[in-house]
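Please look over the sequence and the model below. A short report on selected features follows.

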Amino acid sequence: RSLNYGSVVVSSSGEATESFPGVEEGSTLWEALLNAVNLLAGIGLLSLPYCLLLCGWAGTVLIVAAGLVCCYTGLLLGRLMRLDPRLRTYTDIGAVAFGFRG
């Protein structure tokens, strides 16, 4: 026998569980990945003002410079992959740039 208090169900042994009709438990792989990305982006956004408080204008310049370097690196990788369609991974690009060494 169990008692129902709204969304909380209490069994005869005294164990309480939540019950939401029509809602499945758990999440899919894509939902979990989206949740992880959302968490990391949120942490980054919340910590950015504190970082800028500690670093001042120098921190702002460094963040912008790092963004520009990442953008340029992405453009270079895209250009390399357009030149040779066989390049699919960083390993492929490294092998073309530096050769095959053990």
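How many disulfides does a search of the whole structure find? The search finds zero. Keep in mind that this is a predicted model.

## Cysteines

A disulfide is a covalent bond between the sulfur atoms of two cysteines. Cys55 is in no disulfide. The nearest cysteine sulfur to that of Cys55 belongs to Cys51, at 4.2 Å. A disulfide needs the two sulfur atoms within 2.5 Å, so this pair does not count. Cys55 has a relative accessible area of 42%, which makes the residue partly exposed.

Cys71 is in no disulfide either. Here the nearest cysteine sulfur is that of Cys70, 8.8 Å away. The 2.5 Å cut-off therefore rules out this pair too. Cys71 is partly exposed, at 46% relative accessible area.

## Helices H1 and H2

Helix H1 covers residues 29–55, and helix H2 covers residues 57–83. Two packed helices are described by the angle between their axes and the distance between the axes. The axes of H1 and H2 come within 6 Å. They cross at roughly 125 degrees. An angle between 115 and 145 degrees falls in the oblique class, so H1 and H2 are oblique to each other.

Which residues make the contact? H1 supplies Leu48, Leu52 and Cys55. H2 supplies Trp57, Ala58, Gly59, Thr60 and Ile63. By type, the contact residues divide into six nonpolar and two polar, with no charged residue. Gly59 and Thr60 are the two polar ones, because Gly and Thr are counted as polar.

## Thr60

Thr60 lies in helix H2 and takes part in the contact with H1. Is Thr60 buried, partly exposed or exposed? Its relative accessibility is 28%, so Thr60 counts as partly exposed.

Leu48, on the H1 side of the contact, is twelve residues from Thr60 along the chain. The C-alpha atoms of Thr60 and Leu48 are 9.8 Å apart.

## Salt bridge

Side chains of opposite charge can pair when their charged atoms come close. How many salt bridges does a search of the whole structure find? The search finds one.

Arg86 forms a salt bridge with Asp84. The closest N and O atoms of this pair are 3.1 Å apart. Arg86 is exposed, with 67% relative accessible area. Asp84 has a relative accessibility of 19% and counts as buried, because the cut-off is under 20%.

Key
Residues are numbered from 1 along each chain as its sequence is written. This is a predicted model: local features need pLDDT of at least 70, side-chain atom pairs count only at pLDDT 80 or more; totals for chains, interfaces and linings use all residues. Side-chain values use heavy atoms; hydrogens and water are left out. Buried means under 20% relative accessible area, exposed over 50%, partly exposed in between (1.4 Å probe, protein chains only). Axes are lines fitted to C-alpha atoms, for helices over the stretch in contact, and angles run from 0 to 180 degrees between N-to-C directions. Helices (H or I, at least four residues) and strands (E, at least two) are DSSP runs, numbered from the N terminus. Angles under 35 degrees count as roughly parallel, over 145 as roughly antiparallel, 65 to 115 as roughly perpendicular and the rest as oblique. Contact means heavy atoms within 4.5 Å. A salt bridge is a side-chain nitrogen of Lys or Arg within 4 Å of a carboxyl oxygen of Asp or Glu.
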